[in-house]
Amino acid sequence: YQRRVHGDPVITQAGEEMSRKLGASLPPIKYVITSPFMCCIQTALAVCTELKEEKVLPRLDNGLSPPYNSTVLNTKTQVEILTPKELENTFSGRLDLEFPSPVPMPQWGETAGKGGEAGRRLTSALTRIGDQYAGSDIALVTHLDGLQAAVKSIIPNVCVYRTDYCCYLHLRRTEGSQWFIAGQEGVEWMAESALPKGDPHTNR
C-alpha cells in the first residue's frame, strides 16, 4: 500500500509479519474492531489472516482513532481518512463495511495529554464497544493513546512508559462490568508518583 495522507504511514513488511504472528497466537476471536487509520487497518487485516476463527473481517470504529490533531499526527493539515468507497476499492471485500463506524470522526484539533478530550473519547469507546459486543471475544486495534487510556481507566494515576510494536492488553470484565487487566505483552507502566518531577510522561 502507498502512504495515503501525510501523518498516516502504512506498516512495514516486518510489521505485517509481526501482526500475523500475533494473530496466530491469539485464542478464538469473533470480532476485530479497528481504528480507521491505515496502520491499524493493515495490522487488523494481517491479524485476521491468522485467526483460528474463519473469515473474520475487521470493522471500523472512529472512536479508536489517535488524538486527532496536528501535533500528534505530525502534519499541518487535517488528516482525511478514506471514505467507504475508497476503502472498498483499496481492500476489495477484506473489511466488514456493512457495519459502519457507530460514531463520527472526532473534531480536528481535539486536545491530547492528561485530561484531554482524546483520552476521554478513547475511554468511552472502550466501554461502548465492550457493551456492544458483550459476551463475545473481541480484539481492538488502536494506537498508543488507546492503550494508555485503557490502562489509566483501570489503574488510575499511572503512566505508560513503554509500548512495543504489536503489544497488547488482555482485558476482561467482572459480572459488575468492571474492567481488569488479565494479561499483557510489551506494555509497562508505573505510578506517576514514582516519576521524577517534570517528567513528560506525567502529561500523557
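Where is the place of Leu 45? Leu 45 sits in helix 2, which runs over residues 38-48. Please keep in mind that this is a predicted model. Welcome to a protein whose secondary structure comes to six helices and five strands, and whose helix 2 is mostly covered, with ten of its eleven residues buried.

**The overall picture**

- Following the sequence from start to end, you meet the pattern α-β-α-β-α-α-α-β-α-β-β.
- The radius of gyration is 17 Å, close to the 17 Å that the globule rule gives for 204 residues, so the protein is as compact as a globular protein of that length.
- Taken along the principal axes, the C-alpha atoms fill a box of roughly 50 × 45 × 30 Å.
- Buried residues account for 39% of the 204 residues.
- Look at contacts between residues at least 6 apart in sequence: 75% of these join residues at least 24 apart.

**The surface and its charges**

- About 11,300 Å² of the protein is exposed, and carbon and sulfur atoms supply 50% of that area.
- The side chains include 21 positive and 23 negative ones.
- The centres of these two sets of charges lie 3 Å apart.

**Helix 2 and Leu 45**

- Leu 45 has a relative accessibility of 5%; because buried means under 20%, Leu 45 counts as buried.
- Leu 45 and Leu 57 are twelve residues apart in sequence, and their C-alpha atoms are 7.6 Å apart in space.
- The buried residues of helix 2 are Met 38, Cys 40, Ile 41, Gln 42, Thr 43, Ala 44, Leu 45, Ala 46, Val 47 and Cys 48.
- Several elements help to cover these buried residues, including helix 1 (13-25), helix 4 (84-91) and strand 1 (31-34).
- Strand 2 (59-60), strand 3 (138-141) and strand 4 (158-173) are also among the elements that cover the buried residues of helix 2.

**The nonpolar cores**

- The largest nonpolar core has 13 residues, and those with the most contacts inside it are Leu 26, Ile 29, Val 32 and Leu 51.
- Helix 2 and strand 3 are the elements that give two or more residues to this core.
- Helix 2 provides the largest share of this core, four residues.
- Not counting residues up to four places away in sequence, Ile 29 touches Leu 51, Glu 53, Val 56, Asp 137, Ile 138 and Ala 139.
- There is also a second, separate core of nine residues, which includes Leu 126, Leu 147, Cys 167 and Val 187.

**Helix 6**

- Helix 6 covers residues 144-154, and its buried residues include Gly 146, Leu 147 and Gln 148.
- Ala 149, Ala 150 and Val 151 are buried in helix 6 as well.
- The cover over the buried residues of helix 6 includes helix 5 (117-132), strand 4 and strand 5.

**Glu 50, in a loop after helix 2**

- Glu 50 is found in the loop between helix 2 and strand 2.
- With a relative accessible area of 33%, Glu 50 is partly exposed.
- Glu 50 and Gly 23 are 27 residues apart along the chain, yet their C-alpha atoms are separated by 5.0 Å.
- Leaving aside neighbours within four places in sequence, Glu 50 is in contact with Arg 20, Gly 23 and Ala 24.

**Two residues with positive phi**

- Most residues other than glycine have a negative phi.
- Cys 166, a residue other than glycine, has a positive phi near 65°.
- Cys 166 belongs to strand 4, and with a relative accessible area of 18% this residue is buried.
- Ser 177 also has a positive phi, near 65°, and is likewise a residue other than glycine.
- Ser 177 lies in the loop between strand 4 and strand 5, where its relative accessible area of 41% makes it partly exposed.

**Glu 192, after strand 5**

- Glu 192 comes in the segment after strand 5 (179-191).
- Glu 192 counts as buried, at 14% relative accessibility.
- Glu 192 and Thr 142 are 50 residues apart along the chain, and their C-alpha atoms are separated by 23 Å.

Technical notes: Residues are numbered from 1 along each chain as its sequence is written. This is a predicted model: local features need pLDDT of at least 70, side-chain atom pairs count only at pLDDT 80 or more; totals for chains, interfaces and linings use all residues. Side-chain values use heavy atoms; hydrogens and water are left out. Buried means under 20% relative accessible area, exposed over 50%, partly exposed in between (1.4 Å probe, protein chains only). Contact means heavy atoms within 4.5 Å. A nonpolar core is a set of buried Ala, Val, Leu, Ile, Met, Phe, Trp, Tyr and Cys residues joined through side-chain atoms within 4.5 Å. The radius of gyration is taken over C-alpha atoms; the globule rule is 2.2 Å times the number of residues to the power 0.38. Accessible areas come from the Shrake-Rupley method with a 1.4 Å probe; for residues, only the protein chains shown count as cover. Lys and Arg count as positive and Asp and Glu as negative; His and the chain ends are not counted. The place of a charge is taken as NZ of Lys, CZ of Arg, CG of Asp or CD of Glu.
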